[in-house]
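Let's take a walk through this model, one stop at a time. Keep the 3D view open and follow along.

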Amino acid sequence: MATPQQPNAQQNARLEQIRRQWAQKRQITDRLASVRTKIGVYSGKGGVGKTTVACNLATILAKQGERVGLLDVDIDCPNVTRVMGITDKPDYRDGQISPAEGHGVKVVSMAFFQENEDEAIIWRGPMIHNAINQFLQSTDWGELDYLIVDLPPGTSDSPLTVMQTLPMDGFVVVSTPQDLAIIDAKRCINMIRKLNLNVVGIVENYAGDIFGEGAGRQLAEDIDAPFLGSMSLNPSYRDTSRPTVLVDDTVSGEYVSVADELRRSLKAHGRET
Ligand SMILES: Nc1ncnc2c1ncn2[C@@H]1O[C@H](COP(=O)(O)OP(=O)(O)O)[C@@H](O)[C@H]1O
Ligand SMILES: [Mg+2]
C-alpha cells in the first residue's frame, strides 16, 4: 500500500531528475558556445561512407583555414581516429577532455577510451546516451568554426541523443546511388525533419560505372534539399595512412566543391559561414 509520503518522494525524485537534465543541457550549450557551426554527417545505412565524408570534409575545411573539430559519436564502431590516422590520445585531466589533433582537426572519439581497438562495445541505449553526454559536457573544444559530428547508422539511440542534446545547425546526408541506400537516406531525412532540424545537403558517395550516378541529385530534388556533390568510387581510399583528400587531387577537388556548396546552403539557411 502506498503511504501518503511516497508520491511526494517520487515527485521530488522526478523534479530532481528534470533539474539535473536541464543542468546537463545548459553545460553542453555552454561548452559549445564558442563553436560557430555544428554539422552532423548522417545516413540510415551503414557503410555508405559517413565516416569517410566526415573526416575528409573536416580535413578540407581545416586546410582552407577553418578551425575544425570532429566528434565521433559512433560509440559501437568508432572509426574516425583510424581514418584521420591519429594515434595520439587526448589529454584527460580534472574531468576535462582536450581533443587530440590530426591534420589541423581536433578529434574526440570513443576509440580513445578503448583498451584494444578490436574490443566489442556492447552497450544499451542509456549507456550510449550517457557516454555521448559525457563527451559533450567534458570536451574543451576552444573556438571552432565547424564541429563535424560523425553519426552511426540507424534512427534510434545515438542519432536521437545527438539530435536532442546538441544544438545542431544541420545534417549532411550521405547516400550511395543504390536503391536501398536511397530508401534508408529518406528514412533518416524524415527523422531529421520530424525533430524540426535542417537537412543542409545530400552527398552521393561511390558514384561511377559500378554503382551508377545521379540518384543522390534526384533524392535532393525529391526532398527539396541542396545537392552538395558526388564523390567517385576511387581506389585511393585504400591508403589509410591519411584522409584521402590529402592523397588524391581528384578527391580533394570533390571535397572542395562539397565544402563550397555546404557554405552556400548554410547561408541559405540563415547560418553564418
Ligand atoms: N568514394 C569511395 N571510394 C572507395 N572507397 C570508399 C569511398 N568512400 C568510402 N570508402 C570506403 O568504404 C568503407 C566504408 O566507409 P565508412 O566511411 O566507414 O562508412 P560508414 O561510416 O557509413 O559506415 C571504408 O573502407 C572507406 O574507406
Ligand atoms: Mg562510420
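Which element gives the most to the shell around ligand 1? Bear in mind that we're looking at a predicted model here. The answer is helix 2, which puts three residues into that shell.

**Around the ligand**

Zoom in on ligand 1 and you'll find 14 residues surrounding it, the closest being Gly49, Lys50, Thr51, Thr52 and Tyr237. Two elements give two or more residues each to this shell: helix 2, spanning 50-63, and strand 9, spanning 199-207. As for the chemistry on offer, the shell breaks down into eight polar residues, five nonpolar ones and one charged residue.

**A covered strand**

Next, jump to strand 2, residues 68-72. Is this strand mostly covered or mostly open? It is mostly covered, with five of its five residues buried. The side chains split into two sets: Val68, Leu70 and Asp72 point one way, while Gly69 and Leu71 point the other way, and all are buried. Asp72 is worth a click, as it is one of the buried residues on the side shared with Val68 and Leu70.

Which strands pair with strand 2? One is strand 6, residues 105-109, in the parallel sense over five bridges. Another is strand 7, residues 144-150, also parallel and also over five bridges. To line things up on screen, find leucine 71 and look across to valine 108 in strand 6, which stands opposite. Then pick leucine 70, whose bridge partner in strand 7 is isoleucine 148.

**Two positive phi angles**

Now for a pair of backbone oddities. Aspartate 94 is not a glycine, yet its phi is positive, near 50°. Tyrosine 206 isn't a glycine either, and its phi is positive too, at about 70°. Here they are side by side:

| Residue | Phi | Place | C-beta neighbours inside 10 Å |
|---|---|---|---|
| Aspartate 94 | near 50° | loop between strand 3 (91-93) and strand 4 (96-98) | 5 |
| Tyrosine 206 | about 70° | strand 9 | 24 |

Why does aspartate 94 count as exposed? Because it has just 5 C-beta neighbours inside 10 Å, and the cut-off for exposed is 12 or fewer. Aspartate 94 sits in the loop that links strand 3 to strand 4.

Tyrosine 206 has 24 such neighbours inside 10 Å, so it counts as buried, the cut-off there being 20 or more. Its home is strand 9, one of the elements giving two or more residues to the shell around ligand 1.

Methods. Residues are numbered from 1 along each chain as its sequence is written. Chains are lettered from A and ligands numbered from 1 in the order in which they are written. This is a predicted model: local features need pLDDT of at least 70, side-chain atom pairs count only at pLDDT 80 or more; totals for chains, interfaces and linings use all residues. A residue is near a molecule or strand if its C-beta atom, placed from the backbone, lies within 6 Å of it. Helices (H or I, at least four residues) and strands (E, at least two) are DSSP runs, numbered from the N terminus. Ala, Val, Leu, Ile, Met, Phe, Trp, Tyr, Cys and Pro count as nonpolar, Asp, Glu, Lys and Arg as charged, and the others, Gly among them, as polar. Two strands pair if DSSP finds at least two bridges between them.
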